[in-house]
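Student: I should like to understand the terms used to describe this structure. Could each one be set against its definition?

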Amino acid sequence: MATLRNAISAVKSPILCDRIAGRLNEDWGKVVVFFHHSAAGSLLHAGLRVFGAVKIDGKVPQKQREVIRQQFWEDPDCRVIIAQDNIARQAIDLSVANNLVFAELAWTPEDNYQAEMRIQGPLQTRQPHIHTTTLAGTLDEAVNAVCNRRSKMFSEIL
């Protein structure tokens with residue numbers, strides 16, 4: 001299944017780059033893009049380099065991750081951070097951006113929620129916007145359905 005999700009993310013990444021580029025050219029300041037599979041991360045990073053995109057994934061040493069985060073915060077030409085979900089969904093403040101795009105959702109809503117919170121820190125002064133991407137007719141739809149079902153079950157329990 002991971003191979004299939006990797007292929008799906010690779011197919012939709014160029015389309016997603018075009019959509020994000022359009023929004024950056026129109027009305028977005030900075031944006032966080034979360035991915036899971038390496039193909040998506042590499043394609044998104046390459047496709048958004050014109051906007052100063054930086055990337056944090058499992059290959060980036062811990063000390064370098066903070067340098068990249070600071071660059072995203074301080075450099076006005078660095079408008080995109082591409083972040084691997086299992087590396088950057090906790091304990092990193094990315095609230096300099098108020099738009100977050102999920103190139104791929106995690107199977108568990110709690111993991112997606114943790115990622116969403118990265119742009120909703122105490123320094124956020126604008127309305128945060130969370131965007132998800134789905135390639136119709138693919139496993140993306142099943143992941144969305146599982147997340148929706150789990151979220152509903154959790155809210156009913158509480």
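Tutor: What follows is a discussion of helices, their contacts and several single residues. This is a predicted model, in which local features need pLDDT of at least 70 and side-chain atom pairs count only at pLDDT 80 or more, while totals for chains, interfaces and linings use all residues. Residues are numbered from 1 along each chain as its sequence is written, and side-chain values use heavy atoms, with hydrogens and water left out.

Student: Why are α1 and α6 called roughly perpendicular to each other?

Tutor: The axes of α1 (residues 2-26) and α6 (residues 139-157) come within 10 Å and cross at roughly 110°. Angles of 65 to 115 degrees count as roughly perpendicular, under 35 as roughly parallel, over 145 as roughly antiparallel and the rest as oblique. The pair α1 and α6 is therefore roughly perpendicular. Here axes are lines fitted to C-alpha atoms, for helices over the stretch in contact, and angles run from 0 to 180 degrees between N-to-C directions. Helices (H or I, at least four residues) and strands (E, at least two) are DSSP runs, numbered from the N terminus.

Student: Which residues make the contact between α1 and α6?

Tutor: From α1 come Leu4, Arg5, Ile8 and Lys12, and from α6 come Leu139, Asp140 and Val143. Contact means heavy atoms within 4.5 Å. These residues divide into four nonpolar, no polar and three charged. In that division, Ala, Val, Leu, Ile, Met, Phe, Trp, Tyr, Cys and Pro count as nonpolar, Asp, Glu, Lys and Arg as charged, and the others, Gly among them, as polar.

Student: How do you know that the length of α6 agrees with its number of residues?

Tutor: The expected span is 1.5 Å times one less than the number of residues. For the 19 residues of α6 that gives 27 Å, and the end C-alpha atoms are 27 Å apart, which agrees. Helix α3 (residues 62-74) also agrees: its 13 residues should span 18 Å, and its end C-alpha atoms are 19 Å apart.

Student: What makes Val146 of α6 a buried residue?

Tutor: Buried means under 20% relative accessible area, exposed over 50%, and partly exposed in between (1.4 Å probe, protein chains only). Val146 has a relative accessible area of 13%, so it is buried. Asp140, also found in α6, counts as buried at 6%.

Student: Why are the buried residues of α6 said to line one face of the helix?

Tutor: They are Leu139, Asp140, Val143, Asn144, Val146 and Cys147. Seen down the axis of α6, they fall within an arc of 160°, so they line one face. The arc is that of the directions from the helix axis to the C-beta atoms. On the other side of α6, Asn148, Lys152 and Glu156 are exposed. The buried residues of α6 pack against α1 and α5 (109-116).

Student: What makes the buried residues of α3 and of α2 one face each?

Tutor: In α3, Arg65, Ile68, Arg69 and Phe72 are buried. Their arc, seen down the axis, is within 100°, so they line one face of α3. Lys63 and Glu74 are exposed on the other side. The buried residues of α3 pack against β1 (31-35), β2 (54-56), β3 (80-84) and α4. In helix α2 (residues 38-47), the buried residues are Ala40, Gly41, Leu44 and His45. These fall within an arc of 125°, so they too line one face of their helix. What covers them includes α1, β1, β2 and β3.

Student: Why is Leu135 called partly exposed?

Tutor: Leu135 has 25% relative accessibility and therefore counts as partly exposed. The residue is found in the loop between β5 (129-132) and α6. Not counting residues up to four places away in sequence, Leu135 touches Ile8, Val11, Lys12, Asp140 and Glu141. Its C-alpha atom is separated by 7.5 Å from that of Ile8, although the two are 127 residues apart along the chain.

Student: How do you know that Pro109 of α5 is buried?

Tutor: Pro109 has a relative accessible area of 13%, so it is buried. Not counting residues up to four places away in sequence, Pro109 touches Cys147, Arg150 and Ser151. The C-alpha atoms of Pro109 and Cys147 are separated by 5.3 Å.

Student: What is notable about phi of Ala91?

Tutor: Phi of Ala91 is near 60°, a positive value in a residue other than glycine. Most residues other than glycine have a negative phi. Ala91 lies in the loop between α4 (85-88) and β4 (99-102). With a relative accessible area of 81%, Ala91 is exposed.
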